[in-house]
Amino acid sequence: MKALYVDECKQRPFLLAGFTIDIVEQHSLRKILRTLLLSGPRSLHFKAENGNRKKAILSELRKAECSVVVIRCKTKSDVKARICALNTLIGSSSVSDCKSIVLELDETVRLRDHRFLKQQQVLASWDHRRRHEEPLLWVADAVAWCVNRGGEWERMVRPMILETIDC
């Protein structure tokens, strides 16, 4: 059984990253991720880290064999892009066996996400969490940032990407 952790990058193009993990492996990866925190911050936010820290974090994620699905959406409206990307992600065969979905909490889209997931009759349970409440969201955040940045950063996360889907 797997769980899906979802974060986004709202810069153009809009990216949604879905990190999948076997439920039995969640605890050990959370411990690893928490060891990467510096004193002070309650969470990792990739855009706030310096280059060497980013590389060290990515090294740990690659060692942990993290698997991520990336949805790239060129729709101009963030609202339409998010719905399109979320629909594409939950329809992907790479996440079809996920029994739970955790999305990073963004109060501006929480209700819309809830309505959409209910309307789609998603069989998995779902919830929204703040980044400091759920370290596994940090994986999706890191990959989304790197893919959006491109170049060397995107090359570093390529081994973790199961598939990239345009919508």
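So, the lining of the second largest pocket: by class, that's 8 nonpolar, 3 polar and 1 charged residues. Keep in mind that we're looking at a predicted model here. The pocket itself holds about 200 Å³ of space. Who lines it? Among others, L4, I90, G91, V95, C98, I101 and V122. If you're hunting for it on screen, helix 3, residues 78–91, and strand 4 each put at least two residues into that lining. Strand 4 has the largest share, with 3 residues.

Now, the largest pocket. There we get about 380 Å³ of space, and 18 residues line it. How do those residues divide by class? We have 6 nonpolar, 2 polar and 10 charged. The ones nearest the centre are E8, C9, K10, H45 and D141. As for elements, strand 1, strand 4, which runs 98–104, and helix 5 each give two or more residues to this lining.

Let's stay with D141 for a moment, one of those residues nearest the centre of the largest pocket. D141 sits in helix 5. Is it buried or exposed? Well, its relative accessible area is 7%, and the cut-off for buried is under 20%, so D141 counts as buried. What does its side chain reach? The backbone nitrogen of F46, at 2.8 Å. Leaving out residues up to four places away in sequence, D141 touches D7, L44, H45, F46 and R131. And H45, you'll remember, is also on that list of residues nearest the pocket centre.

Okay, on to the inside. In soluble globular proteins, nonpolar side chains tend to be buried together. In our model, the largest nonpolar core has 35 residues, and F19, L58 and L61 touch the most other members. Which elements supply at least two residues each? Strand 1 (2–9), strand 2 (14–22), helix 1 (26–35), helix 2 (51–63), strand 3 (67–73), helix 5 (137–149) and helix 6 (151–157). Helix 5 gives the most, with 10 residues. So helix 5 turns up in this core and in the lining of the largest pocket.

Zooming in on L61: setting aside residues up to four places away in sequence, L61 touches L33, C66, V139, A142 and M160.

Then there's a second, separate core of 20 residues, which includes V69, I71, I101 and V122. Two of those names should ring a bell: I101 and V122 also line the second largest pocket, which is where we came in.

Terms used: Residues numbered from 1 in each chain as written. Predicted model: local features only at pLDDT ≥ 70, side-chain atom pairs only at ≥ 80, totals over all residues. Heavy atoms only, no water. Core = buried A, V, L, I, M, F, W, Y, C linked by side-chain atoms within 4.5 Å. Buried < 20%, exposed > 50% of the residue type's maximum accessible area, 1.4 Å probe, protein only. Helix = DSSP H or I, 4+ residues; strand = E, 2+ residues; numbered from the N terminus. Contact = heavy atoms within 4.5 Å. Polar contact = N/O pair within 3.5 Å; in protein donor to acceptor, adjacent residues only side chain to side chain. 1 Å grid on protein atoms, 1.4 Å probe; cavity = no way out; pocket = protein on both sides within 12 Å on 5 of 7 lines; lining within 4 Å. Points joined across faces, edges and corners; volume = space filled by probe spheres on them. Nonpolar A, V, L, I, M, F, W, Y, C, P; charged D, E, K, R; others polar.
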